[in-house]
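Biologist: Please take one part of this model and go through it closely. I would like to start with how two of the helices pack, and then move on to what lies around the ligand.

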Amino acid sequence: MKIALLGYGKMGKIIEKIALDRKHEIVLKIDYDNQQDLTTENLQKADVAIEFSTPGTVLANINHCFDAGLPIVVGTTGWHQQITEIKQRYNNSDNAFIYGTNFSVGVNIFFHVNKVLAKLMNNHPYYDVQVEEIHHLQKLDSPSGTAITIAEGIIDNLDQKKQWINILTDANNPVEDNAKAEDVLIESHRIDSVPGTHTVIYDSEVDTIEIKHTAHNRNGFALGAVLAAEWIKGKNGFYSVEDMFDLS
Ligand SMILES: NC(=O)C1=CN([C@@H]2O[C@H](COP(=O)(O)OP(=O)(O)OC[C@H]3O[C@@H](n4cnc5c(N)ncnc54)[C@H](OP(=O)(O)O)[C@@H]3O)[C@@H](O)[C@H]2O)C=CC1
Ligand SMILES: O=C(O)C1=N[C@H](C(=O)O)C[C@H](O)C1
């Protein structure tokens, strides 16, 4: 397949390597410095676009691909408020779109286990739940997209929880949490070089249950994005990464 890479930072560069290993061709690379090359003519040289840029640039990149009729895989996080609008637009079109807050197989298994555990915990209200995420210092958004998906999985399955709230904290600057019983607290930490660690913690007076996913590097995210580009070919409409991994 011919791939357009929109965003050529930490993720874009690993995606390029994995795509080439899988015998794909990179026909366009767009970064901050060459945004003027993001034209319909250039996009139409590709079969699919893979978008890992920034929360401030992702929507414009999606719009360009939509106008060019190019299927797009979006991994960029930090724009969850616009997702419903994008979903409606793609579901009313012949264009294809797939979004994942996290494309790694391990995290998608974790998402599933998280939902099953949340349902089970309805019978055990003496546990309270919170989510913790740790990422590198360059991360622009908080909470992480993955942590939001985890919190949504809890809210959809644990009756007591209605919405999530976030605090960004560090060891020198601890922030007091004002979470109410109906809130899922997401605690975000930023520590140099951490690719992404997510923990769900159920705490009671007598014990703690934890499930945790630790990314050792970014290769799992990047491979999942290339698999999504292969998977979206020939499809129409809006998909989420859960549609690609059959974990039911
Ligand atoms: N869904 C998933 O599985 C994963 C998602 N992510 C998400 O992917 C995104 C990118 O992560 P990462 O690669 O680590 O971030 P980086 O900051 O390393 O890369 C982002 C790149 O986007 C470039 N950029 C800036 N403006 C534009 C533009 N208009 N069009 C295209 N590219 C542009 C930046 O250029 P410059 O530096 O010159 O400004 C930079 O090179 C983040 O939102 C992150 O949360 C990350 C890992 C996994
Ligand atoms: O910015 C990152 O690095 C990551 N972002 C994604 C997120 O916000 O969940 C996925 C992964 O955790 C790495």
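Modeller: This is a predicted model. The axes of α1 and helix α7 (residues 219-232) come within 9 Å of each other and cross at roughly 60°. An angle of 65 to 115 degrees would count as roughly perpendicular and one under 35 degrees as roughly parallel; α1 and α7 are therefore oblique to each other. The crossing of α1 past α7 is right-handed. On the α1 side, the contact is made by M11, I14, I15, I18 and A19. On the α7 side, N219, F221, A222, L223, A225 and V226 take part. Sorted by class, the contact of α1 with α7 has ten nonpolar residues, one polar residue and no charged residues.

Helix α1 (residues 10-21) also matters for the ligand shell: three residues come from α1, the largest share of the shell around ligand 1. M11, one of the α1 residues in contact with α7, is also among the residues that come nearest to ligand 1. The others named as nearest, out of the 27 residues around ligand 1, are G9, Y32, T57 and G75. By class, the shell around ligand 1 divides into eight nonpolar, 16 polar and three charged residues.

G75 leads on to the database record. Under "binding site", an unreviewed UniProt entry lists G75, T76, T77, G100, T101, N102 and F103. These listed residues span 29 residues in sequence, yet no two of their C-alpha atoms are more than 11.6 Å apart, so they gather at one spot. One of them, T76, is found in the loop between β4 (72-74) and α4 (83-91).

The UniProt record, again as an unreviewed entry, also gives residues 1-101 as "domain: Dihydrodipicolinate reductase N-terminal". Over residues 1-101 the chain is 36% helix and 22% strand, and the C-alpha atoms at the two ends of this stretch are 23 Å apart.

For a second helix pair, take α5 (residues 105-120) and α6 (residues 145-157), whose axes come within 8 Å and cross at roughly 25°. That angle makes α5 roughly parallel to α6. The crossing of α5 and α6 is right-handed. From α5, the contact is made by V107, F111, N114, K115, A118 and K119, and from α6 by T146, T149, I150, G153, I154 and N157. By class, the contact of α5 with α6 has five nonpolar, five polar and two charged residues.

Definitions and conventions. Residues are numbered from 1 along each chain as its sequence is written. Chains are lettered from A and ligands numbered from 1 in the order in which they are written. This is a predicted model: local features need pLDDT of at least 70, side-chain atom pairs count only at pLDDT 80 or more; totals for chains, interfaces and linings use all residues. Axes are lines fitted to C-alpha atoms, for helices over the stretch in contact, and angles run from 0 to 180 degrees between N-to-C directions. Helices (H or I, at least four residues) and strands (E, at least two) are DSSP runs, numbered from the N terminus. Angles under 35 degrees count as roughly parallel, over 145 as roughly antiparallel, 65 to 115 as roughly perpendicular and the rest as oblique. A crossing is left-handed if the near helix is turned anticlockwise from the far one by less than a right angle, and right-handed if clockwise. Two residues are in contact if their C-beta atoms, placed from the backbone, lie within 7 Å. Ala, Val, Leu, Ile, Met, Phe, Trp, Tyr, Cys and Pro count as nonpolar, Asp, Glu, Lys and Arg as charged, and the others, Gly among them, as polar. A residue is near a molecule or strand if its C-beta atom, placed from the backbone, lies within 6 Å of it. UniProt positions are given in the numbering used here, feature names are shortened, and annotations may be inferred rather than shown by experiment.
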